[in-house]
Amino acid sequence: EVQLVESGGGLVQPGGSLRLSCAASGFTFSSYAMNWVRQGPGKGLEWVSVVERGGEIIEYADSAKGRFTISRDNAKNTLYLQMNSLKPEDTAVYYCAKTTGGIDWPLDFWGQGTQVTVSS
């Protein structure tokens with residue numbers, strides 16, 4: 001059974017940092033590109049970042065560039081998102097999602113999400 005379990009969310013002040021984790025199981029983690037996607041209150045889904053299977057290609061949404069860093073540890077079957085210089089508009093539920101292959105392939109499975117709230 002495929003499982004993606006996010007953790008690391010919470011309440012942080014503007015300018016602060018958080019590190020999200022996504023523990024994967026039930027599939028060969030290193031064989032799939034992995035994404036972070038978020039959904040803010042009253043908003044639609046927004047893609048944040050993707051990392052290729054071996055970590056050799058990484059892409060970010062403009063909203064994440066320069067502040068967020070995606071990484072993966074294939075030995076630990078874990079995906080990460082380091083978020084720095086957080087802004088109130090980063091408030092959202094953050095989901096990790098696997099693709100059906102490489103970075104340009106569709107997303108086919110999502111975790112349950114972790115809430116990030118940026119507020120003073």
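Among contacts in the protein chain (heavy atoms within 4.5 Å) between residues at least 6 apart in sequence, 54% join residues at least 24 apart. This is a predicted model, in which local features need pLDDT of at least 70 and side-chain atom pairs count only at pLDDT 80 or more, while totals for chains, interfaces and linings use all residues. Residues are numbered from 1 along each chain as its sequence is written, and side-chain values use heavy atoms, with hydrogens and water left out.

Start with the whole chain, shown as a cartoon. The protein chain has 11 strands and zero helices; these are DSSP runs, with E of at least two residues for a strand and H or I of at least four for a helix, numbered from the N terminus. The radius of gyration, taken over C-alpha atoms, is 13 Å, close to the 14 Å that the globule rule (2.2 Å times the number of residues to the power 0.38) gives for 120 residues, so the chain is as compact as a globular protein of that length.

Next, colour by accessibility. Of the 120 residues, 44% are buried, meaning under 20% relative accessible area with a 1.4 Å probe, protein chains only; exposed is over 50%, and partly exposed lies in between.

Now select Tyr-32, in the loop between strand 3 (18-25) and strand 4 (34-39). Tyr-32 is partly exposed, at a relative accessible area of 23%. Leaving aside neighbours within four places in sequence, the contacts of Tyr-32 include Phe-27, Arg-53, Arg-72 and Lys-98.

Last, add Asn-77: Tyr-32 and Asn-77 are 45 residues apart in sequence and 11 Å apart in space, C-alpha to C-alpha.
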